[in-house]
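Work through the three exercises below. Keep the structure open as you go.

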Amino acid sequence: MHDILRGLNDIQRQAVTHGDGPLLILAGAGSGKTRVLTHRIAHLLRAGDLPPHRILAFTFTNKAAGEMASRLEALLGAASRELWAGTFHSICVRILRREAATAGYRTGFSIYDRDDQLSVLKRALRESALSEKEFEPRLMLGRISRAKDRLVSAEEFRAQAVSPHERSVATLYEKYQRSLHELNAFDFDDLIAVVVRLLERDEEVRAKYAGRFQHVLVDEYQDTNHAQYRLLRALASEHRNVTAVGDDDQSIYAFRGADISNILSFEQSFPEATILHMEQNYRSTKAILEVANAVVKNNARRKPKTLWTENGAGRPVEFVLAADEAAEAAEIVRTIRREVSAGKRNWKDYVVLYRTNAQSRAIEEALRNALLPYRLVGGVYFYQRREVRDLLAYLRLLVNPSDEESLRRAIAAPRRGVGEVSVTRLLEFARTSGIAPVA
């Protein structure tokens, strides 16, 4: 037990050793929140003699899930593998694999990525005789996604539609959702929305999972959306042992549906909650924290906190006001070149971070024109590569013969001289005959 608490400050120790009841940990940047979360799980298992399968931990990304898994294995050994820990989507997939029939789907369902979704939506547009120019497919997918984040079904969307355009979008939403169901497939938003509806409408299923998980923990709580909040609330409805870790000052995903009110109104959702503020920063210098505190205090909706550190003062923070993206890139190049020419730094000592991919072009052009060596980190994800997607289409067909999107891809890779008209006729024949397109 001593090794779990070793090296923790007073607030971290309080968070780790908190017993039953809701707990909100307001963890400022660099305050050690991942460490606290993993050590709390370890403490629950050791001090509370709790079986690992009775703990559920949500992370926001697969990378964070991997980091948590490695830290827990270092603390607990093989026992950590029995935990339910992962992203909201991966946890919901685990539930749906067990409850597919109850949710109205067949086992072996497919999970469609963005390209698959676009393909289904474009067919729904053609069937609805709607113009892609007026109803741009990616924008329509965005509207449907936002509706699902708010747990608004296609039927509820139609009921709320007031204009002819909105009613057309409702028709599109209905056709898109009907197609997904016929294909025995979910999109990413469905994974959470379907599980939430299942838990809220089926008392037997809710009791099964809410009874199983005695403690539910969630990281990056400030970035959860409404559907994720409802999922958390349903799963914690029996024991009410929720540990939420987050920082309202770091909420940046409102454009993706994140609802900052989830963390700001935690005490309203869980009136008996304990609130802890982790304000000691281990990552930054005093100069950086001084600037950060001055900037963030202007946020209108936030829980007051002031980060501090025992680190040194550090170099003063430099603020550069650039006229546009080209001027910004030029200043970056000048700074790097000046430091390297003076012998203070090497090329490999620099990394340029940018907020969106759209910014990379100006920076790359400036580096290239100045003949500065650089390497771009990122690019196409492994599972988005064409050859990998082609192979996955064959594998998905093996477990879900109703997956028409994967069938279309498999027919086209490698090319067999089978045209779109022939494929459409084949699939239409399968539908009217009541058989799976792959038999």
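**Exercise 1.** In this predicted model, find the polar side-chain partners of D249.

*Solution.* Start with the distances. The side chains of D249 and R302 are joined by a polar contact of 2.7 Å. A second one, of 3.2 Å, joins the side chains of D249 and K305. Next, place the residue: D249 sits in the loop between β7 (242–246) and α13 (261–264). Finally, list its contacts. Leaving out residues up to four places away in sequence, D249 touches V296, N299, R302 and K305.

**Exercise 2.** Compare the span of helix α7 (residues 137–149) with the expected value, then describe its two ends and its surroundings.

*Solution.* Count first: α7 has 13 residues. From first C-alpha to last it reaches 18 Å, close to the 18 Å expected at 1.5 Å a residue. Now the start. A side-chain oxygen of E136 comes to within 2.9 Å of the backbone nitrogen of R138. After the helix comes L151, with a positive phi near 60 degrees. Then check burial: the buried residues of α7 include P137, M140, L141, I144 and K148. Their cover includes α6, α8 (154–160), α9 (164–182), β5 (185–187), α10 (188–201) and α12 (226–235).

**Exercise 3.** Why is helix α19 (residues 404–412) described as largely enclosed by the rest of the structure?

*Solution.* Apply the burial cut-off, under 20% relative accessible area. E404, E405, S406, L407, R408, A410 and I411 are buried. That is seven of the nine residues, so α19 is largely enclosed. Last, identify the neighbours. The buried residues of α19 pack against β4 (110–112), α6 (114–127), α18 (386–399) and α20 (420–433).

Conventions: Residues numbered from 1 in each chain as written. Predicted model: local features only at pLDDT ≥ 70, side-chain atom pairs only at ≥ 80, totals over all residues. Heavy atoms only, no water. Buried < 20%, exposed > 50% of the residue type's maximum accessible area, 1.4 Å probe, protein only. Helix = DSSP H or I, 4+ residues; strand = E, 2+ residues; numbered from the N terminus. Contact = heavy atoms within 4.5 Å. Polar contact = N/O pair within 3.5 Å; in protein donor to acceptor, adjacent residues only side chain to side chain. Expected span 1.5 Å × (residues − 1).
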